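Subject: The structure you asked to look at

Hi there,

Here is the structure I promised to pass on. Have a look at it first, and then read my notes underneath with the viewer open.

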Amino acid sequence: MASGLTRTLLAAFQHPRRDLAPASPDAGEHVLRVDHVVFAEAGARLVLPALLTLGVTRLEAPFALMGTDPRRLPPSSSPSSLGAEMHDAALGLGMHVSRPGSGRIEAVYVERFASPGRLAAAAGEPVAVAGALGTLVLECGELELAAVLAGAPRFLPEALVLGIRLRGSPAPFVSGQDVACEIARRLAPRGAGGRFVDFSGPGVASLTMADRMILAGTASEWGAAAALFPTDDVTRAWLRARGRESDWKKIETDETGEDARLDIDLGAIEPQFADLGRPETARHVPAGRGPEVRRVVIGPCANAADLLRLAQWVRGRELHPGTALTLLPGSRERLEAAAHGGELQHLTSQGAEIVSGGPSRWAPAATGDYENGLCYGVRPSDLEASRTRWWAASLECCAAGALTGRLTDPRTVVLAGAPVWEPESVTGSESWVLRPLAGGDGAPPSRSGLPVAPAGRPLAGPVRGVTLLAGGDGTSIDDVLPWGARIAPFAGDIEALRVHAFEALDPGFARRALAHGGGFVLAGEGLGRGGSREQAALALVALGVRAAIARSWDPVFRRQLRDAGALALSFGRAADLEGFAAGDELELPTLPHGLEPGRPLVLRNLTRGTQFDVRHDLDARGIAIARAGGLLRFAAQYRAES
């Protein structure tokens with residue numbers, strides 16, 4: 001069979017258990033053992049209670065890193081601020097914990113732990129940048145991550161691979177951000193279609209590590225599941241500078257394992273920019289006098305070499321008086337490396353602002369009129385709402401904008417200083433990451449103060465209950481569970497969150513659900529659209545909801561509801577929803593044995609004496625998870641059998 005970077009690495013991490021049936025007889029899926037697990041403290045609010053619910057006393061995964069992300073944590077005065085308790089539980093379970101102030105979790109992981117040939121799982125954070133080092137990162141939900149940490153396999157459908165072959169080398173003042181824009185423009189409108197990306201070709205050697213990290217880190221924006229680079233002398237030098245040369249190994253590309261191919265001539269790419277978060281809008285930077293730029297932000301994804309280059313370019317020059325330059329360093333290591341030798345002084349002496357606390361400590365001031373801003377190494381979530389139209393562009397373009405006050409082709413601006421690829425030595429303190437507690441006696445770590453992760457009930461027979469809600473079309477994820485400053489501090493306390501389920505549509509929903517011991521939720525088109533929020537599914541299960549039936553679903557919310565422990569079903573005909581009302585007594589009489597792939601279930605309305613067919617999208621493994629009562633109970637069964 002054809003291989004390639006992604007498929008070769010996946011083949012190396014096949015799980016040793018051979019008795020795990022595929023999701024369906026024809027499924028060419030991967031059953032994987034994961035050796036690195038990465039998540040921020042915000043994700044830990046679900047992951048740690050789930051692990052304790054599973055009875056885990058020590059992690060089965062070889063390595064886990066939990067980080068602190070100040071953007072998503074409630075203030076210390078919050079009644080749900082459990083940082084100390086979570087740190088103690090994580091260390092007791094065998095995790096590494098990044099100290100507050102060390103930086104964003106993806107930066108800490110890449111700088112300290114990612115290495116060629118690793119397979120990592122990450123929840124809620126864009127750790128895919130590690131693909132630049134040859135680490136393949138699989139994104140997953142918090143419940144999936146808990147199952148992996150408990151020793152369960154990571155199931156992955158057969159991976160489709162897009163090969164991007166690079167030739168030539170970038171022209172001066174053209175870099176990885178411009179290449180990312182070109183890829184997004186060439187792949188529009190459908191993007192990479194959820195495929196994995198293997199980079200290959202002689203042009204890879206001409207890309208700096210900063211270029212590769214931008215490409216790997218933005219891959220999800222142009223529709224890729226993840227991106228993977230081969231390793232070479234550039235990779236080795238980057239690891240050597242951090243005292244990690246022993247982590248290096250050569251991974252060569254094999255272009256035979258591709259399902260599709262895109263060829264890119266690096267020498268033909270020109271400076272480009274795009275609307276932030278919409279890389280498909282990429283277009284060339286104007287050759288003449290461009291629009292004014294009032295703000296320039298160099299974000300957390302910029303690495304130490306980026307900051308050094310920026311400092312060199314502005315040395316001895318004045319920033320445009322009408323343009324504000326702000327740096328949001330992604331990690332302590334990057335800030336200290338760039339500050340070494342006084343390089344950052346050249347920036348601050350010209351009026352640049354360095355916000356060491358990260359995005360959570362900084363927000364651009366709102367003005368009366370819309371204005372333009374340039375940014376590099378920034379995600380939309382890094383910037384607070386303001387009246388700024390943000391354009392993503394290269395570091396070179398951002399430097400030119402800060403100097404001229406306009407969106408300017410950097411080739412028309414003489415940027416001083418020799419190019420810097422990587423600092424020769426980057427040192428960080430070992431104390432920045434806490435190491436796990438030693439072995440222990442097998443006793444479970446303290447869960448004092450930690451909330452309980454709910455688990456669904458196994459399907460042991462027919463399911464009967466009252467219709468708790470009969471909603472219409474367009475029930476969004478915010479309708480299921482509202483979010484914001486009032487709710488977010490309780491992100492991991494499902495018992496506290498559940499009282500807010502459907503409160504905007506039906507303020508009495510939670511109270512009624514608890515009084516009836518659960519029941520059914522009915523809805524129209526697009527149930528759960530608008531974003532991923534695993535807490536919404538868990539809140540419904542915590543209220544006893546056994547099944548939700550809709551005309552159509554957001555696919556992510558449908559999977560999350562299954563993992564939480566409730567059935568996600570669809571009406572056979574759109575008009576069937578009209579045959580139900582709140583308060584009707586319903587029954588699914590053919591469970592659990594009638595739950596089979598491709599086979600509809602019978603839904604009886606006992607109040608009205610009617611009967612309907614409802615459908616599911618579950619394959620054999622999804623059915624096993626549903627019958628078990630959700631992913632946590634499924635993982636517990638797997639642990640008991642291992």
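Let's start with the outside. The accessible surface of the chain is about 24,700 Å², and carbon and sulfur atoms make up 50% of that. One thing to keep in mind throughout is that this is a predicted model.

Now for the overall make-up. The chain has 642 residues, and 59% of them count as buried. Its secondary structure consists of 19 helices and 26 strands. If you take the contacts with a separation of 6 or more, 75% are between residues 24 or more positions apart.

**Empty space inside**

Rolling a probe the size of a water molecule over the atoms is a way to show where empty space is left. How many cavities of 30 Å³ or more turn up in the whole structure? The search gives five.

The largest cavity holds about 320 Å³ of space. Its lining is made of 27 residues, and those nearest its centre are Q177, I214, T218, G377 and V378. If you want to find the walls in your viewer, the elements giving two or more residues to this lining are the helices α4 (105-112), α6 and α7 (209-217), plus the strands β12 (272-275), β17 (371-376) and β18 (388-393). Sorted by class, the lining has 17 nonpolar residues, along with five polar and five charged ones.

The second largest cavity has a volume of about 60 Å³. You can pick out its lining by selecting R457, L459, R546, R562, G565, A566, L567, A626, G629 and G630. Here the classes come to four nonpolar, three polar and three charged residues.

**Two loop residues to click on**

Try S175 first. It sits in the loop between β8 (161-167) and α6 (176-187). Is S175 buried or exposed? Its relative accessible area is 4%, so S175 is buried. Setting aside the neighbours within four places in sequence, S175 has contacts with D211, S394 and E396.

Then go to L319, in the loop between α9 and β15 (324-327). L319 has a relative accessibility of 10%, so this residue counts as buried too. Which residues does L319 touch, once those up to four places away in sequence are left out? They are V314, L325, Q350, A352, A402 and L403. While you are there, look across to A400: L319 and A400 are 81 residues apart in sequence, yet their C-alpha atoms are 9.5 Å apart in space.

**Charged pairs**

Side chains of opposite charge can pair when their charged atoms come close. In this model the count of salt bridges is 40. Here are three of them to look up.

- D306 and R309: their side chains form a salt bridge, at 2.9 Å from N to O. Both residues are in helix α9 (residues 304-314), three residues apart, which is about one turn of the helix. D306 is buried, with a relative accessible area of 1%, and R309 is buried as well, at 12%.
- R332 and E336: the closest N and O atoms of this salt bridge are 3.7 Å apart. These two are four residues apart in helix α10 (residues 332-339), so about one helical turn separates R332 from E336. R332 is partly exposed, with a relative accessible area of 37%, and E336 is partly exposed at 41%.
- R411 and D409: in this salt bridge the closest N and O atoms are 2.8 Å apart. R411 is partly exposed, at 38% relative accessible area, whereas D409 is buried, at 7%.

Some salt bridges also share partners, and in that way E144, R154, R559, R562 and D563 are joined into one network. You have met R562 already, in the lining of the second largest cavity.

If you're not sure where to begin, I'd start with the largest cavity and Q177, one of the residues nearest its centre, and then move on to the charged pairs. Send me a note if anything looks odd on your screen.

Cheers

Notes. Residues numbered from 1 in each chain as written. Predicted model: local features only at pLDDT ≥ 70, side-chain atom pairs only at ≥ 80, totals over all residues. Heavy atoms only, no water. Buried < 20%, exposed > 50% of the residue type's maximum accessible area, 1.4 Å probe, protein only. Contact = heavy atoms within 4.5 Å. Areas by Shrake-Rupley, 256 points an atom, 1.4 Å probe, with all protein chains shown as cover. 1 Å grid on protein atoms, 1.4 Å probe; cavity = no way out; pocket = protein on both sides within 12 Å on 5 of 7 lines; lining within 4 Å. Points joined across faces, edges and corners; volume = space filled by probe spheres on them. Nonpolar A, V, L, I, M, F, W, Y, C, P; charged D, E, K, R; others polar. Salt bridge = Lys/Arg side-chain N within 4 Å of Asp/Glu carboxyl O.
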